[in-house]
Amino acid sequence: MRFFLLFLLLLAGCGALALHQGWAPPRWNPWAVPDPAEPPGLFTGMQLQRLDRDPARCLAWVEAAGMRITPVPDRETGPGCGFQGAARMERSERVRYSAPFTATCPVLAALAMWERWTLQPAARELLGAEAETIQHYGTYACRNTRTDRGQGRNRSQHATANAIDIAAVTLADGRTVRVARDWTRTGPDGESTAEARFLHRLRDGACDSFRAVLSPDYNRAHADHLHLDLGRWGVCR
């Protein structure tokens, strides 16, 4: 037992040295800034949240990752509502959005990772076409969480522009895959369609970069969209 503990300490020491010297890939370092050219790792969500502490660095990261953005002034619109260090997303190099939106910088960074490492690969592999447009229900709204019974008691991450709701994806060939219609869609053989598998892949991949990802599997309030946020609590369902 003593030798096993010594081995664990030695292993931990080697890992800490590798991180300190920069020998390990950034995705394995919880204190590093994520590299958009590297696939998400175990600590990507934590790394993206850390960008919130340095708005200027975060905004520069998002622009380098291929998003055209315009910083917006901090706002307080009510108790627990408003945003800090946010930007208006005008367009992305990889995909269009149905409308510009304002979100916290870490959410924009997480979207950049999700677009590159989940959305486009899943569209090509499962549907044989590039994703062209993301249809969304917005980011900022001064409101509480939503449950099957109506309004919850706590502020939603939307109240601080720290979330986005994805409703559908339109492909380059004109097809549109909708969460409300295609999430549980099956073919004549009773198996999930490619569209359903695509949407589930989007949900699962988002969990690599976002803290909370809620789908129709979570509750009826999310029956028509995927909710992605970088709040305090981690859930992927």
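**Exercise 1. Find the disulfide that starts at Cys58, and describe its partner, handedness and burial.**

Step 1. Cys58 is joined to Cys105, with an S to S distance of 2.1 Å. A disulfide here is a pair of cysteine sulfur atoms within 2.5 Å.

Step 2. The model is predicted: local features need pLDDT of at least 70, side-chain atom pairs count only at pLDDT 80 or more, and totals for chains, interfaces and linings use all residues. Residues are numbered from 1 along each chain as its sequence is written, and side-chain values use heavy atoms, with hydrogens and water left out.

Step 3. The torsion about the S-S bond of Cys58 and Cys105 is about -105 degrees, so this disulfide is left-handed.

Step 4. Cys58 sits in helix H3 (residues 55-64) and Cys105 in helix H4, so the bond ties together parts 47 residues apart in sequence. Helices (H or I, at least four residues) and strands (E, at least two) are DSSP runs, numbered from the N terminus.

Step 5. Cys58 is buried at 0% relative accessibility. Cys105 is buried at 1%. Buried means under 20% relative accessible area, exposed over 50%, and partly exposed in between (1.4 Å probe, protein chains only).

**Exercise 2. Work out how many disulfides there are, and give the pairing.**

Step 1. The count is three disulfides.

Step 2. Cys81 and Cys142 form one, with sulfur atoms 2.0 Å apart. The link of Cys81 and Cys142 is right-handed, with 85 degrees about the S-S bond. Cys81 lies in strand S3 (residues 81-83), and Cys142 in the loop between strand S7 (131-138) and strand S8 (144-147), so the pair ties together parts 61 residues apart in sequence.

Step 3. Cys81 is buried at 5%, whereas Cys142 is partly exposed at 39%.

Step 4. Cys207 and Cys236 form a disulfide with sulfur atoms 1.9 Å apart. The torsion about the S-S bond of Cys207 and Cys236 is about 85 degrees, so the disulfide is right-handed.

Step 5. Cys207 is partly exposed at 21%. Cys236 is partly exposed at 42%.

Step 6. Number the bonded cysteines in sequence order: the pairing is 1-3, 2-4, 5-6.

**Exercise 3. Lay out the open sheet of three strands and place the helices on it.**

Step 1. The strand order is S1-S4-S6, with antiparallel pairing. Two strands pair if DSSP finds at least two bridges between them.

Step 2. Strand S1 (67-71) and strand S6 (101-104) stand at the edges with a single partner strand each, so one side of each has no neighbour in the sheet.

Step 3. On average, neighbouring strands of this sheet are turned by 40 degrees against each other, direction ignored.

Step 4. Strand S4 (residues 86-92) is joined to S6 by four bridges. Met89 has Phe101 as its bridge partner in S6.

Step 5. H3 lies across S1 and S4, at about 150 degrees to S1. H4 lies across S1, S4 and S6, at about 105 degrees to S6. Axes are lines fitted to C-alpha atoms, for helices over the stretch in contact, and angles run from 0 to 180 degrees between N-to-C directions. Contact means heavy atoms within 4.5 Å.

**Exercise 4. Which residues of H3 are buried, and what do they pack against?**

Step 1. Cys58, Leu59, Trp61 and Val62 are buried in H3. Down the axis of H3, its buried residues fall within an arc of 160 degrees, so they line one face of the helix. The arc is that of the directions from the helix axis to the C-beta atoms.

Step 2. The buried residues of H3 pack against S1, S4 and H4.

Step 3. Ala56 and Ala64 are exposed on the other side of H3.

Step 4. Just after H3, Gly66 takes a positive phi of about 105 degrees.

**Exercise 5. Which residues touch the most other members of the largest nonpolar core?**

Step 1. This core has 49 residues, and Leu111, Phe198 and Phe210 touch the most other members. A nonpolar core is a set of buried Ala, Val, Leu, Ile, Met, Phe, Trp, Tyr and Cys residues joined through side-chain atoms within 4.5 Å.

Step 2. Helix H4 (residues 105-127) gives the most to this core, with 14 residues.

Step 3. Leave out residues up to four places away in sequence: Phe198 touches Leu119, Ala122, Ala123, Leu126, Leu127, Val169 and Val177.

**Exercise 6. Where is Ala161 found, and is Ala161 buried or exposed?**

Step 1. Ala161 is in the loop between strand S9 (150-155) and strand S10 (163-171).

Step 2. Ala161 is buried, with a relative accessible area of 0%.

Step 3. Its phi is near 55 degrees, a positive value in a residue other than glycine. Most residues other than glycine have a negative phi.
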